[in-house]
Number of protein chains: 4
Amino acid sequence: MDIGMVGLGRMGANMSRRLLHGGHRITGYDADPQAVSVLQSHGGKAAASLEALVHALVAPRVIWLMLPTSQISNTLSTLAPLLSAGDCVIDGGNTFYQDSIRRARTLGLLGLSFVDVGVSGGVWGRERGYCLMIGGEQAVVQRLEPLFMTLAPASGDDSGAAGAERGFLHCGPAGAGHFVKMVHNGIEYGVMAALAEGFDILRGAGFARRETVGPGIDPAHYAYDFNLADIAEVWRHGSVISSWLLDLSAMSLLLDGDLADFSEQVPDSGAGRWTVRAALDEGVPSPVLTAALYQRFSSRDRDAFGRRLLSALRYQFGGHVAGPGPVPEK
Amino acid sequence: MDIGMVGLGRMGANMSRRLLHGGHRITGYDADPQAVSVLQSHGGKAAASLEALVHALVAPRVIWLMLPTSQISNTLSTLAPLLSAGDCVIDGGNTFYQDSIRRARTLGLLGLSFVDVGVSGGVWGRERGYCLMIGGEQAVVQRLEPLFMTLAPASGDDSGAAGAERGFLHCGPAGAGHFVKMVHNGIEYGVMAALAEGFDILRGAGFARRETVGPGIDPAHYAYDFNLADIAEVWRHGSVISSWLLDLSAMSLLLDGDLADFSEQVPDSGAGRWTVRAALDEGVPSPVLTAALYQRFSSRDRDAFGRRLLSALRYQFGGHVAGPGPVPEK
Amino acid sequence: MDIGMVGLGRMGANMSRRLLHGGHRITGYDADPQAVSVLQSHGGKAAASLEALVHALVAPRVIWLMLPTSQISNTLSTLAPLLSAGDCVIDGGNTFYQDSIRRARTLGLLGLSFVDVGVSGGVWGRERGYCLMIGGEQAVVQRLEPLFMTLAPASGDDSGAAGAERGFLHCGPAGAGHFVKMVHNGIEYGVMAALAEGFDILRGAGFARRETVGPGIDPAHYAYDFNLADIAEVWRHGSVISSWLLDLSAMSLLLDGDLADFSEQVPDSGAGRWTVRAALDEGVPSPVLTAALYQRFSSRDRDAFGRRLLSALRYQFGGHVAGPGPVPEK
Amino acid sequence: MDIGMVGLGRMGANMSRRLLHGGHRITGYDADPQAVSVLQSHGGKAAASLEALVHALVAPRVIWLMLPTSQISNTLSTLAPLLSAGDCVIDGGNTFYQDSIRRARTLGLLGLSFVDVGVSGGVWGRERGYCLMIGGEQAVVQRLEPLFMTLAPASGDDSGAAGAERGFLHCGPAGAGHFVKMVHNGIEYGVMAALAEGFDILRGAGFARRETVGPGIDPAHYAYDFNLADIAEVWRHGSVISSWLLDLSAMSLLLDGDLADFSEQVPDSGAGRWTVRAALDEGVPSPVLTAALYQRFSSRDRDAFGRRLLSALRYQFGGHVAGPGPVPEK
């Protein structure tokens, strides 16, 4: 198929290459001309502007946006007036699904189709393929199937496998793709945190060799010195918690068992919050996904004032009018 | 090697078959004679009692216990006097690692070796191999390596891969194997709960079609009707959360999208609690693993009294002296 | 002052009586004529409809709504066209503050003032006074001060204490009163849950007399038989956790130590969810308030499907293709 | 009564003064001679050593220990051989109740009585009285009642109120006092955290004036600028969350709304961990109390390694081999 690709960052560039390799024709645009050149070097065509991109494509056009969340609105404002009824815009970013529902409605009034696609796979996707979660109208999604077939992992096979088994799924109407991707990322937060906590506990298993133990604790129970990289590696082979995130953990720990180069401040990209918000709206408890999210908030000291209040209260009932210092609860 | 296997339940039986298939000689004992017959039918030898088992083996003996946690103490009490210095007992169960530390010490006084092995892989292990986490003295563990080579997943290869890459690891001294398995299971609780919460949120994504939405919620945002089996399947292909537990989720949801046959009361087998206890002793926060554990407690109504107190308080400040019923917070 | 009171349920009726007792003149309306009669018996005037209520008051009117959240919109739609520029409507309910911001804006376009007041105190408020959290324009709030003086606890004193010390506070512009009340209720959820968990742990402190203890637990450590009512009572006297909710706990436990009449399903009235949503929007972690909220969700089995998935996974890796039953993690 | 008081720190000194004021005779010992002098200045007698203290008292002696947890064992080792059968030792510290059970047993073998008393009230206790939670044998506890009557808040009344209503309670056999105090402190952690989170959310309620809001958020909803000291103050008057910890919050916020002098690292003194451990042993969920505890762990960066692992994983699937920086989830 002919596609316009808007946004040639890491994800957009890699997806374009996979699509080119699968026989599709890509015209690409990016604010950074360097990114466009790279696309050209892999066989794509360059557009110098959104206008140029639109003119380079024949209606009914298919334009895939692979942009940061914050740029979608502006790009659509510029793009929509340039397009013709019957054209289709795909948002492949990590967009809040409620925005996608709204955009599908707005673009629909102009006769344009909107498809939201959650894309998972990271930088490994170019070779391994991408997992695609798709929202939009049935007929439009079906028309785009050749793209999804190429991007998804099982692109090369002729096993007759249906979509989900090939790695793409039409999940439902507008926003459904981004909703499912949102929950996917919410789960990802939870799995990452479960691994992080487990490795923290393993790393602390020798604390009695460095600190005095509290009452009810036998120092002989906390005298281990575990090799975390080895443990991550062994779990990859036959254990119940085998997973891709465990593979990545093993790789990280092998490179540097201390992970000294990595930040203790962990960003959250939005999907975690939106997942918890959906849980709240639905009245469904999600303590694990929420704890994983809050840990990231805390890592960035978003509860610093509350902690100072805890200290202040300890001083109040412990008798200190001011000044920090350790005071036992009374 | 020659091994005595005590406990021929699901795990013990399957491990015995994998060991027999790998060329080892097994003499088995189980309180259930039927289980022993099955072992014989696969080429193992039968022992009618622990005494018979000990006598059927030549010193230095290797006896592998594959028993429920609650039977280890009694079995060791019976077994220890029958053994000779230099014999080795392996506990392959889900034993509390502090008990294993104590037992290694006690058996050591008798000149016996004790090795604790955490075994992961479930019923799939017979074919796929087991992930083995091992604690004990270096020399003893090394002597047992042929067993571990056979049980671990990469048993058939001659790639020269080291232990961890083959699926077994000597993690440290006595108790280390059970400690690492404990944390493994703790993580497993967390990953399972992350998946369960995610699917609960997906399942609730159409609630606005059945219930009135609260303030600040647009019913158009919660009108989906997701096919959870398809979503689980698509995530298995190329997504960041690909994992064996996701594979099993997809299988479960495919068989029955409602999971109507399964209990809403979820047991916990001990490892989750012990992991959290280790986190407490170490002073390491583990909100995700703990939330996963508490969810299981709650599923069994272990907080029923506390909930009644919440209701009672609501009635107190809402003005109801007795009797249940919905009262808004004041 | 002259006030119209719309909604004479438990809260509206009690507040009206306190206002009447403080010398204000109340004209009341309620869909239930019985409620209006009761007001009359305490010295208020009756209105048979919203129209009648409006006509009974002289402009600039003050109308206080004390209604369930779900009735505010309709009531305002009826009321607004009947009012004149300069009139003021007060919403004293547990309304989502974002709705109050919107309503202040809408009514403002009509020249009407809107004041949002969070009211705490429950049924005890008639005698003890109500804690009032107020949002709206400075001049309007000031004009209403005589009402707040009467409703607040320190109404009778002439100590010259400022508002906050008397029990009412102008917190900020439109919505501020309901925002502060929302967070108040969020904290209330947390405090209630902390008490409930503590009493659950005290109640469980004799479990070793009824159940087998797990590994690492000495049954002598869990052989207590605490009198929870006495413990709640003693904590009321001089302890750091003295609080009104503890007073109510003591009262509840005294009446029935088992709380047998109270429901294990605990509703949530909205404020808890909104508080957590605000925390999410702000990026502030609120693990305690969120855990308290989720416990209420769980008490109503909102995670039933997720729990079944946990059971299904346990059967999958434990080897059960179908059917419930306890299987240890592998 | 005649009492020996060992440990004249903040708590011990204040309690001694209250006892002296109530007509009891105190002989005091502290490793710091300065502390002993202060006691003398208030009418107590000084002992230069534990031996001297024991000799200054007439059998059957009553010796109250008011010491840090870590000094109890050594002090009892020194003290026990100096005492005579029938003497009684009281531990009024924040001791792990399982240690108290053990000590009661050990001292009992020597014919000595042991009573464990949880003391709440902080520095305010000297004037307001202390809440006392008592464990030990019925007869011994009864003999000590004059002390408890004086220390408890309602010491001066002759209302005929029973113990719990006066502020002291014989909770059960050995360890019961410290168990109940442990849970008291666990609840205290939860209530403190609930307040801290609430004030954090109030403080963040103007974030949209400083930061860009995410999707789905209206900046007009987060434009407040709350006065936290005023809000704490108003809640003290008639609200459902009125409590002593709220009083202390109001006082703290009044002195410095920023709490700039207080530490963001919050210690935990043991009781919080023990409470959660009891919850685990009992199989009772305590998500709120546990979240409050973990927040303190996190405040001291006890999860720093886990956070670095989260960052490492983000780089792995986001394509960064090394080096920190913000990468959106893929």
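Start by selecting chains C and D together: every interface residue of chain D, 100% of them, is also an interface residue in chain C, so the two copies meet through the same surface. Keep in mind as you click around that this is a predicted model.

**The contact.** Next, colour the residues that touch across the boundary. You should pick up 77 residues from chain D and 77 residues from chain C. Together the two chains bury about 6,400 Å² between them, and carbon and sulfur atoms give 71% of that area. Now show Ile201(D), Tyr224(D) and Val240(D) as sticks: these supply 11% of the area that chain D buries against chain C, more than any other three residues.

**Polar links.** What does the interface of chain D and chain C hold in the way of salt bridges? The rule finds zero of them there. Polar contacts are another matter, with a count of 27 residue pairs between chain D and chain C, both partners at pLDDT 80 or more.

**The helix to look at.** Select residues 176–203 of chain D, which is helix α10. This helix gives 17 residues to the side that touches chain C, the largest share. Colour that whole side of chain D by class and you get 47 nonpolar, 18 polar and twelve charged residues.

**The axis.** Last, try laying chain D on chain C. A turn of 180° with a shift of 0.0 Å along the axis does it, at an RMSD of 0.0 Å. The two copies are thus related as by a two-fold rotation axis. To find where that axis runs, centre on Ser243(D): its C-alpha, at 1.9 Å, comes closest to the axis of the residues of chain D.

Notes
Residues numbered from 1 in each chain as written. Chains lettered and ligands numbered in written order. Predicted model: local features only at pLDDT ≥ 70, side-chain atom pairs only at ≥ 80, totals over all residues. Heavy atoms only, no water. Least-squares fit on C-alpha atoms with pLDDT ≥ 70 in both. Contact = heavy atoms within 4.5 Å. Buried area = accessible area lost by both parts, 1.4 Å probe. Salt bridge = Lys/Arg side-chain N within 4 Å of Asp/Glu carboxyl O. Polar contact = N/O pair within 3.5 Å; in protein donor to acceptor, adjacent residues only side chain to side chain. Helix = DSSP H or I, 4+ residues; strand = E, 2+ residues; numbered from the N terminus. Nonpolar A, V, L, I, M, F, W, Y, C, P; charged D, E, K, R; others polar.
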